[in-house]
Amino acid sequence: ITPDTVAQKIARGEKDLKKAEAIKVTEVAKGDRVLVTLEAGTTNLRRIVVMTATDIAKRNAADRADWAKRGVAGIVSAKKGDEITVKVRSLQSVVDATVTVKETTSFKRYAPDSVKFSEARSSKLAEVGVGDQLRARGQKSEDGRTVAAEEVVFGTFLTKAGAITAVNAEAKEITVKDLITNKPLAIKFTADSVIKRMPDLAAMMGAAGRMGMAPGGAPAAGGRAPATPAGSAAAGRGPGSPSGRGLGAMDIAQMLEMMPAAKIEDLKPGETIVVSSTKGARNDQVTAIMFLTNADLLIQIASAAGRGSISQVDLAAAMAGASGAGGLGVGGIVP
């Protein structure tokens with residue numbers, strides 16, 4: 001930096017540098033995104049253009065909210081013509097949603113062994129396959145069952161569950177006993193991995209009992225149904241959906257978005273976990289996208305779907321749309 005260095009700030013997403021405004025070099029902060037121009041043959045900065053970390057965070061928060069409001073996430077169950085059918089799981093049931101696409105719809109596909117949206121590559125409808133996890137954003141119908149997609153993000157993901165057997169916080173790696181194969185599985189964490197702690201199942205059931213709720217969410221005899229939380233989309237009622245609940249009802253992805261973050265240092269042997277990852281080169285190692293600890297509730301949901309047994313498909317259905325900050329979750333589809 002020299003006395004002649006020109007510093008400018010520009011809004012995130014702006015493509016015209018003529019709209020940049022002058023700032024002081026001292027205003028540049030850690031985490032800002034910058035474009036620098038050097039003087040020829042030197043390392044002296046002639047100009048630095050800044051997108052501030054604060055502006056980026058605000059824009060990302062707005063994008064996450066928009067994906068939640070106008071988006072749908074699930075597992076691809078069928079594809080015909082310009083329509084993709086995805087299965088979306090809520091805490092109560094699995095429902096179908098239809099994603100319609102057109103020539104202007106943009107497609108992004110996650111790269112193998114990558115948890116970064118920035119490394120996702122441009123794709124097309126032909127590459128979307130049954131079993132892929134998919135999230136779409138666009139014009140959403142009132143009942144939430146149809147989205148005319150402007151953007152589609154998808155990938156071939158693995159979902160694994162098991163109990164932690166070892167934690168190496170320094171190496172950012174843990175080992176679990178895979179619930180399905182009973183074999184050791186190494187889980188690696190990066191700066192883009194999201195770790196969430198699910199609420200205690202016994203405490204949740206106890207709270208439901210205290211509010212007079214019977215299993216399944218119905219008011220117990222003599223009990224009073226609790227007030228509907230804001231954001232549950234008019235109590236989740238929608239025409240033509242099971243039990244009258246539309247896709248506006250809180251699904252698992254929305255529930256996970258609100259869960260508290262955890263750290264690898266918080267993890268302990270014996271805890272039950274579920275992890276989502278892109279498919280990589282090794283069968284005994286994955287890189288975490290969304291990692292859930294204390295995940296007994298999610299595993300019970302998957303087990304119920306499998307009528308007592310559990311499979312990769314059941315786990316994926318329970319985890320669909322919740323793949324977190326490098327994956328297809330609400331927090332992760334923002335570049």
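**Notebook: strand pairing, cores and salt bridges**

I started with strand 15 and found that it pairs with strand 18 (residues 290-293) in the parallel sense over 4 bridges; I take two strands as paired if DSSP finds at least two bridges between them, and I take helices (H or I, at least four residues) and strands (E, at least two) as DSSP runs numbered from the N terminus. Within this pair I looked up Lys-196, and its bridge partner in strand 18 is Leu-292.

I note that this is a predicted model, in which local features need pLDDT of at least 70 and side-chain atom pairs count only at pLDDT 80 or more, while totals for chains, interfaces and linings use all residues. Residues are numbered from 1 along each chain as its sequence is written, and side-chain values use heavy atoms, with hydrogens and water left out.

**The sheet around strand 15**

I then followed the sheet outward and found an open sheet of 7 strands with mixed pairing, in the order 15-18-16-12-13-14-17. Strand 15 (194-197) and strand 17 (285-287) stand at the edges with a single partner strand each, so one side of each has no neighbour in the sheet. From one strand to the next the twist averages 35°, with axes as lines fitted to C-alpha atoms and angles running from 0 to 180 degrees between N-to-C directions.

**Strands 5, 6 and 7**

I next went to strand 5 (residues 71-80) and strand 6 (residues 83-89), which run antiparallel and are joined by 5 bridges. They form a hairpin with 2 residues between them, and Gly-81 in the turn has a positive phi of about 60°. Strand 6 also pairs with strand 7 (residues 94-100), in the antiparallel sense and over 7 bridges. I used Thr-85 of strand 6 as a marker: Ala-78 stands opposite Thr-85, and in strand 7 the bridge partner of Thr-85 is Thr-98.

**Two nonpolar cores**

I looked for nonpolar cores, meaning sets of buried Ala, Val, Leu, Ile, Met, Phe, Trp, Tyr and Cys residues joined through side-chain atoms within 4.5 Å; buried means under 20% relative accessible area, exposed over 50%, and partly exposed in between (1.4 Å probe, protein chains only). The largest core has 17 residues, of which Ile-84, Val-99, Leu-134 and Val-152 touch the most other members. Strand 5, strand 6, strand 7, strand 10 (133-140) and strand 11 (146-155) each supply at least two residues of this core, and strand 11 gives the largest share, 4 residues. I checked Val-152 separately: leaving aside its neighbours within four places in sequence, its contacts (heavy atoms within 4.5 Å) include Val-101, Phe-107, Leu-134 and Ala-136. A second, separate core has 15 residues, among them Ile-164, Ile-174, Phe-189 and Val-286.

**Salt bridges**

I counted 11 salt bridges, taking each as a side-chain nitrogen of Lys or Arg within 4 Å of a carboxyl oxygen of Asp or Glu.

In the pair Arg-59 and Asp-63, the closest N and O atoms are 3.6 Å apart. These two residues are 4 residues apart in helix 1 (residues 53-70), and therefore about one helical turn separates them. Arg-59 is partly exposed, at a relative accessible area of 35%, whereas Asp-63 counts as buried at 14%.

Asp-178 and Lys-160 form another salt bridge, at 3.7 Å from N to O. Asp-178 lies in strand 13 (residues 173-178) and Lys-160 in strand 12 (residues 157-168), so the pair ties together parts that are 18 residues apart in sequence. I found both Asp-178 and Lys-160 buried.

Lys-188 and Glu-173 come to 3.2 Å between their closest N and O atoms. This pair links distant parts of the chain, with Lys-188 in strand 14 (residues 184-188) and Glu-173 in strand 13, 15 residues apart. Lys-188 is partly exposed at 30% relative accessible area, and Glu-173 also counts as partly exposed, at 23%.

I also noted a network of salt bridges that links Asp-66, Arg-70, Arg-137, Glu-150 and Glu-151.

**Whole chain**

I closed with the totals: the chain has 5 helices and 18 strands, and buried residues make up 41% of its 335 residues. Of the contacts with a separation of 6 or more, 60% are between residues 24 or more positions apart. The chain exposes about 17,500 Å², with carbon and sulfur atoms supplying 53% of it; the areas come from the Shrake-Rupley method with a 1.4 Å probe, and for residues only the protein chains shown count as cover.
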